[in-house]
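Thanks for asking me to look this over with you. Here are my notes, set out as numbered points so that you can follow along in the viewer.

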Amino acid sequence: MVAPGRRSKIGLALAGGGPVGGIYEVGAMAALAEALEGVDFTAFDIYVGVSSGAFISAAVANGMGPAALARMLVENDADAVFDPGMLLRPAVGEYVRRALSVPALFWSSLRQYLSDPWHLRLVEAFQGLSHAIPTGVFNNAGIDELLSKLFSTGGRSNDFRELKHRLFLVATDLDTGESVAFGSAGHDQVPISVAVQASAALPGLFPPVRIGERYFVDGALIKTLHASVALHEGAELVICINPLVPFDARLAAKHPSPEHSTPVPAHLVDGGLPVVLSQTFRAIIHSRLRTGMDRYRLEFEGADVVLFEPTRDDAEMFFTNVFSYRDRSRLCEHAYQRTRSELYRRRHELQPIFARHAIHLNLGVLKDHSRSLLSHKRRPDLATSASALDSSLTDLEAWLAAQQG
């Protein structure tokens, strides 16, 4: 329990997950901001972001609330609009640079082979040509361009040192495998927009981002969430959102979602390579996340770490096409409604945790099923209503049992 007159030090940690993950995090944050009384998501003490979570946390640390971000991301109701298509620009500069290296690499490999053709295999001699393969397919420099513009207006800042609250954006040093938290001492002179670009540079998809004499890639390579950054800074409560969990097709088949327009395949292999890779990536990062959460409980006994994430049967989250405007809007609303449902379902667990930090969980807001994030005409999904009804029936049964006792 927080001492009277003293406010807990609160942190927000957002994991990665590409454009889909970022949109999910915004919807989830909107539900949390609406239901948690005593907190202001734009006034947390510490913000930690990784990959797409770096994009969102940087915006929130700059005073952009969850509702405003939702409008910016999916309703085009802002001066600067995030368009996932900007992440699909070919990395032309990388292609050209690597292509120009081919002649020198070819002649070097040929000379090596001709120097000892009887003992050196042709494939072995020409292995050096692999250096001409581009390090990324797409160019994510658009992130830097968008955020540098966005953070230069409206009282916002692209400088870590000018923010009212601490912001840490985690990337991985490609040459050492070391995690670097931009915004920390010695790493706070880098523009926030560049740090976000580096944190989101997924290897193979985007080229590494050069900062000074070092090259950086996605911060999720080492850890999924990096909530420990906030805990080491003294956070007493850290609210975490992880948008990526492994999908359970068998469980989803038992609880089909009426909202989802794309049928769920009986086996994920039927979805092709993208689906297989997505499931593999999710399984790896989620396993690390669970290990990290257990470690936080042991290492930081006096702190509370609360995690919100989709359920494993959430087909809406797994199969969303983020490049479709309709799907982006639907996903943000879906995350909002599912998080509201999760808050109500976990209310008995969460209420005492939040109470220790002078935060009140508003059950009245959660029981209001007419609420919608993006459109007042849209009704909440069936799964949310069913979950709320089930919880209410459980409460009623407990009350009746107590009366009979």
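1. A good place to begin is the aromatic cluster made up of Phe41, Phe44 and Tyr47. Please keep in mind throughout that this is a predicted model. Across the structure there are six aromatic pairs.

2. Next, have a look at phenylalanine 247 and phenylalanine 318. Their rings are stacked, with centres 4.9 Å apart and planes at 15 degrees to each other. Phenylalanine 247 sits in the loop between strand S8 (237–241) and helix H10 (249–254), while phenylalanine 318 belongs to helix H12 (residues 315–319), so this pair ties together parts that lie 71 residues apart in sequence. Both phenylalanine 247 and phenylalanine 318 are buried.

3. Phenylalanine 247 has another aromatic partner, phenylalanine 319, and here the arrangement is edge-to-face: 5.5 Å from centre to centre, with 85 degrees between the planes. Since phenylalanine 247 is in the loop between S8 and H10 and phenylalanine 319 is in helix H12, the pair ties together parts 72 residues apart in sequence. Phenylalanine 319 is buried, as is phenylalanine 247.

4. Two arginines are also worth finding, as each has a ring beneath its charge. Arginine 346 lies over the face of phenylalanine 308, at 5.1 Å from the ring centre. For arginine 347, the ring is that of tyrosine 344, and the charged end sits 4.0 Å from its centre.

5. Is glutamate 342 buried or exposed? It counts as buried, because its relative accessibility is 12% and the cut-off for buried is under 20%. You will find glutamate 342 in helix H13, which covers residues 325–345. Leaving aside residues up to four places away in sequence, glutamate 342 touches Leu307, Phe308 and Glu309. Phe308 is thus a link to the previous point: glutamate 342 touches this residue, and arginine 346 lies over the face of its ring.

6. Now turn to strand S4, which spans residues 166–173 and is mostly covered, with seven of its eight residues buried. Which strand does S4 pair with in the parallel sense? That is strand S3 (residues 46–50), and the pairing runs over five bridges. If you would like a pair of residues to guide your eye, valine 48 has phenylalanine 168 in S4 as its bridge partner.

7. S4 pairs with strand S5 (residues 179–182) in the antiparallel sense, over four bridges. Here valine 170 is matched with alanine 181 in S5. The two strands, S4 and S5, form a hairpin with five residues between them, and glycine 177 in the turn has a positive phi of about 75 degrees.

8. Strand S7 (residues 214–218) is also a partner of S4; the pairing is antiparallel, over three bridges. To locate this contact between strands, look for alanine 171, whose bridge partner in S7 is aspartate 218.

9. Last, a word on the cysteines. How many disulfides are there? The count comes to zero, where a disulfide requires a pair of cysteine sulfur atoms within 2.5 Å. Cysteine 240 counts as buried because its relative accessibility is 0%. Cysteine 332 is likewise buried, at 0% relative accessibility.

Notes. Residues numbered from 1 in each chain as written. Predicted model: local features only at pLDDT ≥ 70, side-chain atom pairs only at ≥ 80, totals over all residues. Heavy atoms only, no water. Buried < 20%, exposed > 50% of the residue type's maximum accessible area, 1.4 Å probe, protein only. Contact = heavy atoms within 4.5 Å. Pairing = 2+ DSSP bridges. Phe/Tyr/Trp six-rings, centres within 6.5 Å; stacked < 30°, edge-to-face > 60°. Lys NZ or Arg CZ within 6 Å of the ring centre and 35° of its normal.
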